[in-house]
Amino acid sequence: MKLIMQTVKLSYSAKFSGVLTSLFLSFLFSSSAAFAETSQADFKIWLNEFKQEAVTAGIKTATVNQAFANVSLNEDVLLSDKSQPEFTQTFFQYFDRAVSDYRIRTGQRRYKQHRRLLDQVTRKYGVPGRFLVAFWGLETNFGSYTGNIPIFESLATLAYDPRRSGFFRGQLMDALKILDKGHVSLRQMKGSWAGAMGQCQFMPSNYIHYAVDGDGDGKIDLWNSLPDVFYSAGNFLSQLGWQRVENWGREVALPKDFDYALADNKTQRSLAEWQKLGLKLADGRPLPIEEMQAKLLLATDYQGPAFLVFDNFRVIKRWNNADKYALAVGHLADRIIGRAPLTKQRPADDEPLSTKLVKEVQIRLNNLGYQTGKPDGVIGKRTRQALREFQVKNKIPADGYVNEAMLKILRQADKSAVNLEEA
């Protein structure tokens, strides 16, 4: 396009060039609109085929017609699913918002307010009420926001898109089953862009398999019935493997000259073994001498908070497979019953690396012989492991943490030029 515009400027007056530019842009916009119309038309064809499949599977025709009466391809949902943010949040950026003073105070009030109901759920499923309130707080801010996108539109859009069609096609069918059983009205069935529903943000398949009629009214309403919400969450966590007698984890203090290669969230030791390696509780008290197994997890670099995490931490991650989320749930649950805040606070230089700079880290590690795979700007297990190997080799605390300080060290070690525009 640049070459075309240069030719136009050389050949015509500025006025005429402006006319051509307007015509060219009009062509682009009209082409985009035509493409959108084609996508909507293809979506309608796909949707009609799916509706027939649903009826064949046993969903009432009236339910299918009701669910899809006003459904169209939602481009915003597709953008939410496919877009990659230029910057990722650091642990503290996420954590300070997730476990804010407001959320702690509100969680304490809600825990006290609903204690009788929560204790009933705990007796049945073994999940302490403070965790149920913590999940409730993180998922929907204690029920204050459950999402406003029609479930059938979001799920149909994602089922039509080939990226994860199989998964969302199943979720869409389960959503029809929920509506067909009459548990909730179509008007109520709104949620997140990914189709998560209600105050505990269950996907339709989780609703089908784990949701419970907690108030005994013959329906399961995760939008308006707190007994249904808490009983369903308790049942879900119990089925995922919640250990009745264990906590989620504890913040710990590490000794000087600690081998940070052990802090890989994989190496498992008993509490007694971790104590022999010099670990203490964050407040300086000794670890309990127990055979209960734990893994060591660093939230940031070696100067930040460290945690011994137990089996229930793994269960929390089965709700949402992210360390930051699981740490936030566990710590919020602790703060709800008055336990102490973290001993390590957010550093002044706590800023994330851009996607391009993460790619540079990966390229330089690859250049140095520490394989991260194809550079993609995403800090995953392979990137952390490669960085740990580099740190061990160079006698740097092997925390596997990617930040600006480590990028500077990698630049000193790898002098080759890196073209970030091509990365």
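At 7% relative accessibility, F142 counts as buried in this predicted model, because the cut-off for buried is under 20%. F142 doesn't sit alone: its ring pairs edge-to-face with that of W136, at 5.6 Å centre to centre and with 90 degrees between the planes. W136 is buried too, with a relative accessible area of 4%. A second edge-to-face pair joins F167 and F168, whose ring centres are 4.9 Å apart and whose planes stand at 80 degrees. Here the two partners part ways: F168 is buried at 2% relative accessibility, whereas F167 is partly exposed at 45%. A search of the whole structure turns up 24 aromatic pairs, and ring pairs also tie F43, W46, F50, F68, F152 and Y160 into a cluster.

Two of the cluster's members, F68 and F152, turn up again in the largest nonpolar core, which has 86 residues. Along with L172, L176, M189, F230 and W319, they're the residues with the most contacts inside that core. In soluble globular proteins, nonpolar side chains tend to be buried together. Take F230: setting aside neighbours within four places in sequence, F230 touches H114, L117, L118, V121, L132 and W136. Apart from the largest core lies another one, of 18 residues, including L287, A294, L298 and A306.

Several of the F230 contacts lead straight to helix α7, residues 115-125. The buried residues of α7 are L117, L118, V121 and Y125. Seen down the helix axis, these residues fall within an arc of 95 degrees, so they line one face of α7. R116 and R123, on the other side of α7, are exposed. What covers the buried residues includes helices α6 (101-113), α8 (129-140) and α12 (226-240). Right after α7 comes G126, which has a positive phi, near 85 degrees.

Not every buried residue here is nonpolar, and R388 is a case in point. This arginine belongs to helix α17, residues 381-393, and at 10% relative accessibility R388 counts as buried, because that value falls under the 20% cut-off. What does R388 contact, leaving aside its neighbours within four places in sequence? One group of partners is Y260, A261, A263 and D264, and another is A398, D399 and G400. With G400, the C-alpha atoms are 4.6 Å apart in space, while the two residues are 12 apart in sequence.

Notes
Residues are numbered from 1 along each chain as its sequence is written. This is a predicted model: local features need pLDDT of at least 70, side-chain atom pairs count only at pLDDT 80 or more; totals for chains, interfaces and linings use all residues. Side-chain values use heavy atoms; hydrogens and water are left out. Helices (H or I, at least four residues) and strands (E, at least two) are DSSP runs, numbered from the N terminus. Buried means under 20% relative accessible area, exposed over 50%, partly exposed in between (1.4 Å probe, protein chains only). Contact means heavy atoms within 4.5 Å. The arc is that of the directions from the helix axis to the C-beta atoms. A nonpolar core is a set of buried Ala, Val, Leu, Ile, Met, Phe, Trp, Tyr and Cys residues joined through side-chain atoms within 4.5 Å. Rings of Phe, Tyr and Trp (its six-membered ring) pair if their centres lie within 6.5 Å; planes under 30 degrees apart count as stacked, over 60 as edge-to-face and the rest as tilted.
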